[in-house]
Amino acid sequence: MEYYLQVKQLHMFCAYLSAGLFIARLLLDMAGKPGWRQSPARYLPHINDSLLLTLAFTLLAIGPWQPFVHQWLGFKILLLLGYIAFGIGALKPSLAAPTRTVCALLALAQLGGIFYLARFKPVLFSLS
Ligand code: HEM
C-alpha cells in the first residue's frame, strides 16, 4: 500500500487526460478536421490509455479493491468495455455520421458512469 496514493493520483491524471483526448478528437471530427489521424494525436491516446489501465491494475494489486466484491469496480470494468467499443465506433471514419453520433453519445454516457462510479463508489444492489 506504500505508493497507493501516488499511483491513484497518476491513474486519475491519465483518466482526465484520456477523457480530454477523446472529446478533443470528437470535436475535431465534428469540425471537419480529420487530419489529427496523421498527427501524434493518433497514437498519444493509446499510450495514455495503456498507462491508465496499467495503473488501474496496479491499484487492484496493491489496494483493497476486488471487482467481484466491490460493485462499483465490477460495473466500472463493464462500462469500460462499452466505452472502448463505442469509442472505437465514434472515431471510425468508415461509419455513417448518424451511427458515429450514437456511438459518441453512448461512449460519453459510459465515460460519465465510470467517473461517477470511481468517485462515489455507490452500492448498486443490496445482496443481503
Ligand atoms: C476509462 C477508464 C477509467 C477511468 C476514466 C477511471 C477514473 C478513475 C478516477 C477519476 C478515480 C479516482 C476516484 C476518486 O477517488 O475521486 C479512479 C480510481 C480508481 N480506479 Fe479507475 N478509471 C478507469 C479505469 C479503471 C479500471 C479498468 C480499473 C480496474 C481494473 C480501475 C480501478 C480503480 C481503482 C482501484 C481506483 C481507486 C479507488 C480509491 O482508492 O478511491 N479504474 N478511477
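Modeller: A polar contact here is a pair of N or O atoms within 3.5 Å (within protein, one must be able to donate a hydrogen and the other to accept it, and sequence neighbours count only if both atoms are side-chain atoms). The model is predicted, so local features need pLDDT of at least 70 and side-chain atom pairs 80 or more, while totals for chains, interfaces and linings use all residues. Residues are numbered from 1 along each chain, and side-chain values use heavy atoms, without hydrogens or water.

Colleague: Thanks! Which side chain has an N or O atom 2.5 Å from an oxygen atom of the ligand?

Modeller: Lys-121 has a polar side-chain atom 2.8 Å from a ligand oxygen, and Lys-76 has one 2.6 Å from a ligand nitrogen. The 2.5 Å pair with an oxygen involves Tyr-4.

Colleague: Which residues coordinate the iron atom of the ligand?

Modeller: Donors are N, O and S atoms within 2.8 Å of the metal (3.2 Å for Na, K and Ca). At 1.8 to 2.1 Å, the iron is coordinated through NE2 and NZ of, respectively, His-11 and Lys-76.

Colleague: What geometry does the iron site have?

Modeller: Six donors count as octahedral if opposite ones are over 155 degrees apart and all others between 65 and 115. The iron has 6 donor atoms with angles of 85 to 177°, and its site is octahedral.

Colleague: How many residues apart are His-11 and Lys-76?

Modeller: Both are buried (under 20% relative accessible area, 1.4 Å probe, protein chains only). Helices are DSSP runs (H or I, at least four residues). His-11 is in α1 (residues 4-30) and Lys-76 in α3 (residues 71-90), so the pair links distant parts of the chain, with a separation in residues of 65.

Notes
Four donors count as tetrahedral if all angles lie between 85 and 135 degrees; four count as square planar and six as octahedral if opposite donors are over 155 degrees apart and all others between 65 and 115; anything else is irregular. Helices (H or I, at least four residues) and strands (E, at least two) are DSSP runs, numbered from the N terminus. Buried means under 20% relative accessible area, exposed over 50%, partly exposed in between (1.4 Å probe, protein chains only).
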